[in-house]
Structures are given as C-alpha cells and as structure tokens.
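User: I am about to look at a structure and would like to go through it in small steps. Could we take the ligand and then the domains?

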Amino acid sequence: MLKLNNISKSFQTDRIETIALSNINLHIEKGEFVSVMGPSGCGKSTLLNIMGLLDQPSEGNVAVDDKAIESYQDKHITGLRNEKIGFIFQSFHLIHDLRVIDNVELPLLYRNISAKERKALAAAALEKVGLKARTHHYPTQLSGGQQQRVAIARAIVGKPEILLADEPTGNLDSHMGDEIMKLLESLHQEEQATIVMVTHDEEMAKRTGRTIRVFDGQLVH
Amino acid sequence: MFLHLLKMIWNRKRSNSLIIAELAIAFIVVFALSVLAIRNYNLYQIPLGYNYENMWRIQIMPTRSWDETKDEDTLLQIIGAVKQQPEVEKIHLLSNPTFRNWRGTSSVTIDGQEIYYYRNRFDDKAAETFGMTLNDGRWFGPQDSNQNYSPVLVNQEFVDMYYPNESVIGKNIADPEIEDNREMRIVGVYQAFRQFGEFSAIVPYVFTRSDIQKPGRMLGIEVKLKPNADDSFEQRVLEILKSLAPENNYSIASWESQRDRQIRETTIPLTIFSIIASFLIIMVAMGLFGVLWQNVTSRTHEIGLRRALGATALSIHKQIIGELAIVTMIGVSIAFLILVQLPMLGVFQELDWSLFWISLLASLVFMLTLAGLCGYYPGKIATNYSPSEALHYE
Ligand SMILES: Nc1ncnc2c1ncn2[C@@H]1O[C@H](COP(=O)(O)OP(=O)(O)O)[C@@H](O)[C@H]1O
Ligand SMILES: [Mg+2]
C-alpha cells in the first residue's frame with residue numbers, strides 16, 4: 001500500500017550537501033507493523049517524512065495505493081496527507097492553546113465534516129486511547145505519556161490507512177513508553193492499523209512484525 | 001472554522017490582548033491623523049467666495065487716535081489720489097483684511113436663539129469687485145443711505161445655521177436687549193467670504209455697510225489693479241500717501257502675497273506635524289508589524305503541524321488573516337467606543353458626524369490593510385517551508 005522506489009534525499013545547507021538517504025526501495029503492506037532502527041543521524045526521520053509526504057525526495061518516487069505521487073504541489077498532496085496518513089512525533093507537537101479535544105479534531109477541520117460529527121469522532125478517538133476523562137484539559141496539564149496518547153488520538157481520528165510514528169516513546173520514560181507501545185500494538189491487532197515506527201529500543205522492535213535497519217542513508221539487511 | 005478561529009483567539013488571550021491594545025492605540029493615532037488630513041483637504045476644496053487676483057490692500061496705520069473732523073477728509077483725499085493712478089481699476093473699503101486673522105465678532109440673542117457671527121464692513125460695490133456671489137436679496141446700494149435702518153449682508157452659513165427653513169430677507173438682527181437700538185436689516189445673502197483663507201472653518205459672517213462718500217473711520221483700502229500693472233505702483237502710491245498724510249504709516253500688499261504668506265504659515269506647522277505624524281504612523285506600523293510578525297513566526301511550528309495534518313497553504317493563509325482580521329476588529333471596536341464619545345459629546349466643534357465616519361472608514365481601511373500585510377508576508381514565509389522543516393523550525 002506504500003511503496004518507495006529508488007528514493008534519494010539530499011539536503012543542501014550553505015555549501016555542504018548532506019546525503020540523508022540514497023537509493024531506498026521499500027514496500028509496506030497493508031496491516032503490517034514495521035519498526036525502523038538505526039543510529040542517530042542515519043536518516044530514519046527523513047525516511048518517515050518522505051513516506052508521510054511531508055518532504056519531497058530528491059530522486060525516486062513514492063506510491064500510495066499503487067499511485068505514484070507525481071507532484072508535490074500543495075493541492076495534490078494535502079488531501080492525501082489528510083486522509084491516508086496519520087503522524088505521531090517524538091515531541092508530540094500538540095497545540096498548547098487548544099484543549100485536548102480540539103487538538104484531536106484538527107485533521108478533521110480540513111475535511112468537509114460538520115462540527116458535531118467532528119466532536120463525536122474526536123471523542124471516540126480519545127476513548128480509544130483511554131483519555132476520555134481529559135477531553136477538556138489543556139496539553140500542558142497532562143503527563144508526557146498522556147500527551148503522546150492525545151497525539152495518537154489525533155493521528156487515528158481521521159481513520160488513515162497508515163500510521164507513521166517517529167520515536168513515539170523517545171521522550172518518555174520506560175513505563176510510559178511501554179504504555180504507548182501497548183496502545184500501538186492494540187491498534188494494530190484490533191483495528192488492523194498499518195504502522196511504521198522508528199525506535200531505538202531493540203525490545204520494542206522485536207514486538208513488531210518486521211524491522212528495517214538503516215545505516216548511513218541506506219537499508220541494510 | 002470561524003468557531004475554531006475564535007477559540008484560538010480566546011485561548012491566546014494573553015498575547016492577543018497586547019496586540020489588541022496596540023491595535024486600538026494605533027487606530028486612534030491613525031484616526032486623529034485622518035481627521036486632520038481630511039478636514040484640511042475638505043476645507044481647501046471649498047471656494048473662498050472671492051477672487052484675490054490683482055487685488056491689493058493699502059493699510060493705514062495711524063500714529064494717533066482718529067479725529068472725526070480731519071481724518072475722514074484725509075481718507076477721502078487718499079482715495080481720490082489712489083484712484084488717479086493709471087493702473088487702478090476699482091477702489092473699495094474693507095475693514096478687516098483677507099488672509100489675515102483680524103477679526104470682529106458679535107453675539108446677540110434673538111427669539112431665545114444665540115446668534116454668534118464674525119463681522120466686517122465694506123462699501124456698496126465691493127462685493128461685485130471681489131467677485132462674491134449673491135444667493136438671495138440684493139447687495140448694498142445708494143437706497144441704503146439716509147435710512148432709519150442699517151443694512152446687513154449675511155453669508156449662506158449664517159442662514160443655514162440660524163434660519164435654515166425660512167427667508168431671512170428683511171429680518172432684524174440687532175440686539176433686542178439694547179433700547180432704541182438701530183434696526184439691522186438683512187438685505188441680502190451671499191455665498192461666502194472666507195476672510196481667513198482656505199484652511200479656515202466655515203463660519204457665520206455678516207457685512208455691514210460703509211459709504212465710500214462718507215466712510216467714517218476706515219483704515220483699509222482695497223484696490224483692483226488692471227492686469228499687468230506696473231511694478232512701480234507700490235512705491236509711487238506709498239510716496240503719494242506719505243505726502244498727503246505724513247502722520248500715518250502705510251503698508252501695501254497684494255492679496256496674493258498675503259495668501260501665500262498665510263498658506264505658508266498654515267502649512268509649515270502642518271508639514272512639521274505631518275512629518276512627526278508620519279514617523280508616528282511608521283513607528284506604530286512597525287511596532288504592529290513586529291508584534292504580528294512575531295505572532296506568526298512563533299507559530300511556524302503550529303503551521304508546520306497543520307500542514308502535516310492536511311491543511312493547504314491557502315487555508316493557513318485564511319486562518320492567519322482571519323485571526324488578524326478578527327483581532328484587528330476587536331482593537332478597532334475598543335478604539336471606536338472611545339472615539340465615538342468625541343462627536344457624541346461635541347468635544348471638538350469641527351468633528352462632526354460626517355467627518356467622523358469618513359475618517360473612521362479611512363482609518364479602518366488603513367488598519368485592515370496593514371494587518372493584512374502583516375499577516376500575509378510572515379504567513380507566506382511560514383508556508384514556504386516544507387511541513388517537516390516548519391516542524392523543526394527554531
Ligand atoms: N532539514 C534538513 N536540513 C539539512 N540537513 C538535514 C535536514 N534534515 C535532516 N538532515 C540531515 O540528514 C541526516 C539524517 O537526518 P535524520 O533523518 O533526522 O536522522 P535520524 O532521524 O535517523 O536521526 C542527518 O545528517 C541530518 O543532519
Ligand atoms: Mg530522527
């Protein structure tokens with residue numbers, strides 16, 4: 001359902017060109033739970049950003065549902081991002097000026113959905129991550145683990161085809177990290193969610209169906 | 001989406017209240033400047049009511065008090081001598097000169113209404129020579145001599161202010177509280193005589209009559225010169241006057257030069273003021289720009305996130321500009337509540353409702369444009385980042 005064909009990505013800063021990814025070929029099947037591992041700076045986040053259409057590859061192409069992305073123009077990819085992809089970030093990226101429920105609602109704001117329906121879907125997503133009681137709190141009133149669960153609720157509220165999680169437990173202690181991992185596992189098992197997760201933790205990687213290893217911008221087998 | 005905007009604004013009320021306060025202050029400054037600019041522009045557009053081309057004023061400056069028996073004869077001699085000069089086309093008397101702030105005012109209460117006006121005095125044919133326009137009745141004439149009333153001419157503003165719905169011809173505006181007061185009969189209404197020049201307010205203004213054959217105490221002689229008059233006129237006339245009545249001092253000046261001087265005197269402070277004002281506006285605009293810019297760039301993260309979640313650049317722009325528009329309108333409304341007191345309480349006579357609304361509209365357009373620009377450029381920069389760059393923006 002998600003295919004990377006000969007992807008390369010380089011960053012041009014001042015006069016230095018950093019090659020973050022080179023010649024990546026990857027296929028994520030529907031319903032898979034995949035972990036991505038590798039040392040810091042090897043290109044894992046870059047890989048995830050390209051999968052999530054947040055960044056444009058320098059070479060190669062991404063295909064979603066067997067349709068190759070031809071243009072990274074705003075109007076061509078925002079709809080795909082909104083409907084097909086759910087993102088979970090290491091540092092949560094919640095909007096502190098919005099209540100939990102309004103944060104979860106955000107992706108739906110960019111769809112044609114009535115306010116009432118948005119509320120209902122957001123409440124359902126919060127219930128799934130076990131945060132129904134925190135609906136009207138502000139993010140800063142929550143623990144890190146709870147904030148990440150809000151972020152997961154936001155990622156799943158629009159029922160995307162694939163969840164991309166970039167070190168979702170990286171900012172959490174091991175107990176909270178384990179809770180997040182359990183939550184992702186249950187989403188995978190009970191809702192057949194397709195998940196790609198970057199992690200530094202071998203134990204967590206073992207709990208996923210497949211582990212991809214990245215080294216210096218390349219996949220190692 | 002609108003509800004979402006309101007929510008964002010409300011939840012960011014701490015930083016927004018600062019912006020709103022700044023917007024309200026900026027709006028008041030811009031409003032004050034618009035009022036001044038629009039008012040002066042409007043006044044400048046209104047006709048003077050007379051022509052100043054080729055007009056000259058001879059001012060007699062006596063060094064002793066007026067002597068009933070001798071000085072009227074001297075004045076008549078002076079008039080006669082000036083009239084003889086080849087370049088003189090017309091000669092008249094006018095008490096208070098044009099383009100200067102010499103003024104006489106009167107205030108009377110008639111039928112319970114307080115009537116306040118500026119006054120001046122001129123002779124029968126002066127109005128025609130000055131190029132004034134008659135709206136009703138007639139000018140002064142010989143039929144006004146040896147009557148038991150004093151004829152007066154009033155300007156249109158006088159009528160509009162005090163007798164808007166009636167004919168004023170024949171009305172007596174003498175002070176009824178003085179016993180046996182001589183009747184002051186309105187014989188005509190003229191359009192305007194803006195003695196104080198182009199930037200002066202429109203005021204009720206009354207002329208009384210001076211008989212050029214029996215002028216009494218009159219110190220201002222107005223002459224209309226033929227076009228292309230000789231430059232030597234000024235000097236020659238001064239010499240004649242000095243020889244006729246050496247006890248007086250004299251000055252001669254063209255209306256045009258007086259007008260130039262007056263415009264200079266009005267525009268120099270106005271220019272200085274507008275320079276200060278422009279700095280003020282630039283400072284306000286920059287301050288506002290800074291605050292709003294900061295407001296948007298500090299949200300580069302948020303913008304990146306929204307884009308990652310599927311917002312288009314357009315919807316981000318709409319959100320930023322929509323938020324700013326709402327915040328601006330809140331600031332403007334606060335300023336409005338303060339400013340509306342001015343015409344309501346009549347704090348400044350000059351600030352009537354029409355000037356108020358026009359200035360308000362001009363200031364509103366200015367502020368919304370400014371806010372739009374302040375929102376557009378930083379928004380443009382923020383949406384030019386790819387979502388992943390925006391998310392890692394420091
Ligand atoms: N926006 C960027 N501009 C310049 N260099 C970047 C950018 N993003 C990532 N890089 C570089 O690309 C390489 C891979 O980065 P990243 O994908 O974040 O690694 P990881 O997530 O595996 O730690 C690093 O050398 C990093 O410095
Ligand atoms: Mg990373």
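User: How far does a polar side-chain atom of A:Ser45 lie from an oxygen atom of ligand 1?

Analyst: This is a predicted model, so the distance is computed from predicted coordinates. A polar contact needs a pair of N or O atoms within 3.5 Å. For A:Ser45, the polar side-chain atom and the oxygen atom of ligand 1 are separated by 2.7 Å.

User: How much of the area that ligand 1 exposes when taken alone does the protein bury?

Analyst: The starting point is ligand 1 taken alone, which exposes 560 Å². Of that area, the share buried by the protein is 65%.

User: Which element gives the most residues to the shell around ligand 1?

Analyst: The elements of chain A that give two or more residues to this shell are strand E1 (2-13), strand E2 (16-28) and helix H1 (44-51). The residues surrounding ligand 1 include A:Lys44, A:Ser45 and A:Thr46. With 3 residues, the element that gives the most is H1(A).

User: Which backbone lies 3.0 Å from an oxygen atom of ligand 1, that of A:Cys42 or that of A:Gly43?

Analyst: Both residues belong to the group that surrounds ligand 1. For A:Cys42, a backbone N or O atom lies 3.3 Å from an oxygen atom of the ligand. The distance of 3.0 Å belongs to a backbone N or O atom of A:Gly43.

User: How many nonpolar, polar and charged residues does the shell around ligand 1 have?

Analyst: The surrounding residues include A:Phe11, A:Thr13 and A:Lys44. Sorted by class, the shell has 4 nonpolar, 7 polar and 1 charged residues.

User: Which three residues supply 64% of the area that domain 1 of chain B buries against domain 2 of chain B?

Analyst: In chain B, the assignment gives domain 1 (2-45 + 262-393) and domain 2 (64-247), and their C-alpha centres lie 51 Å apart. Between them the two domains bury about 780 Å², with 60% of it on carbon and sulfur atoms. On the side of domain 1, the three residues that supply 64%, more than any other three, are B:Leu43, B:Tyr44 and B:Gln262.

How values were computed. Residues numbered from 1 in each chain as written. Chains lettered and ligands numbered in written order. Predicted model: local features only at pLDDT ≥ 70, side-chain atom pairs only at ≥ 80, totals over all residues. Heavy atoms only, no water. Near = heavy atom within 4 Å. Polar contact = N/O pair within 3.5 Å; in protein donor to acceptor, adjacent residues only side chain to side chain. Areas by Shrake-Rupley, 256 points an atom, 1.4 Å probe, with all protein chains shown as cover. Helix = DSSP H or I, 4+ residues; strand = E, 2+ residues; numbered from the N terminus. Nonpolar A, V, L, I, M, F, W, Y, C, P; charged D, E, K, R; others polar. Domains from an automatic or database assignment. Buried area = accessible area lost by both parts, 1.4 Å probe.
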